[in-house]
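Colleague: Could you take a close look at a single part of this model for me and describe its surroundings with care? I would like one connected account rather than a list.

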Amino acid sequence: MTIEEAQQTVDAWIKTTGVRYFNELTNMAMLTEEVGEVARIIARQYGEQSFKESDKDKELADELADVLFVVICLANQTGIDLTDALNRNLAKKTQRDATRHKNNDKLK
């Protein structure tokens with residue numbers, strides 16, 4: 001699925017199953033919540049925290065998909081083409097960071 005197809009698929013899902021988009025502020029709060037769930041799994045799976053019983057059924061892939069879903073919702077409702085936005089962002093990073101990371105001794 002391309003990013004454009006993902007935006008179209010989420011839009012169709014929202015309009016049929018989801019009824020309508022939550023407002024932007026609600027979606028921002030939901031995004032924060034979903035990112036927190038990703039952080040919780042990362043801290044337990046790759047960090048030093050131990051899993052709680054309630055965390056054991058959580059999957060990183062599912063939580064990352066939740067983050068992506070909400071990001072797509074926000075893009076759709078604010079008129080952002082994520083394919084174009086990502087392409088422009090990568091071009092900016094490529095120009096800005098052309099030698100920065102290669103010259104970073106911490107990454108060697």
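Modeller: I will start with Val38, which counts as buried because its relative accessible area is 12%, under the 20% limit. This is a predicted model, and in it Val38 has its place in helix H2, which covers residues 24-45. Leaving aside the neighbours within four places in sequence, Val38 is in contact with Leu60, Glu63, Leu64 and Val67. Phe22, by contrast, is 16 residues from Val38 in sequence, and their C-alpha atoms are 21 Å apart in space.

Turning from this buried position to the surface, Ile3, Leu86 and Leu90 form a nonpolar patch with about 240 Å² of accessible area together. Of these, Ile3 is found in helix H1, residues 3-16, and is partly exposed, with a relative accessible area of 34%.

As for charged side chains, the structure holds eight salt bridges. One of them joins Arg88 to Asp84, with the closest N and O atoms 2.9 Å apart; both residues lie in helix H4 (residues 82-96), four residues apart, or about one turn of the helix. Arg88 is exposed at 53% relative accessible area, whereas Asp84, at 38%, counts as partly exposed. Lys56 and Glu53 also meet through their side chains in a salt bridge, at 3.7 Å from N to O, and Glu53 is exposed, with a relative accessible area of 64%. Arg96 forms a salt bridge with Asp97, where the closest N and O atoms are 3.0 Å apart; here Arg96 is partly exposed at 49%, while Asp97 is buried at 13%. Finally, Arg40, Arg44 and Asp55 are joined into one network by salt bridges that share partners.

Methods
Residues numbered from 1 in each chain as written. Predicted model: local features only at pLDDT ≥ 70, side-chain atom pairs only at ≥ 80, totals over all residues. Heavy atoms only, no water. Helix = DSSP H or I, 4+ residues; strand = E, 2+ residues; numbered from the N terminus. Buried < 20%, exposed > 50% of the residue type's maximum accessible area, 1.4 Å probe, protein only. Contact = heavy atoms within 4.5 Å. Patch = residues over 30% accessible without salt bridge, like charges linked within 9 Å, V, L, I, M, F, W, Y side chains within 5 Å. Areas by Shrake-Rupley, 256 points an atom, 1.4 Å probe, with all protein chains shown as cover. Salt bridge = Lys/Arg side-chain N within 4 Å of Asp/Glu carboxyl O.
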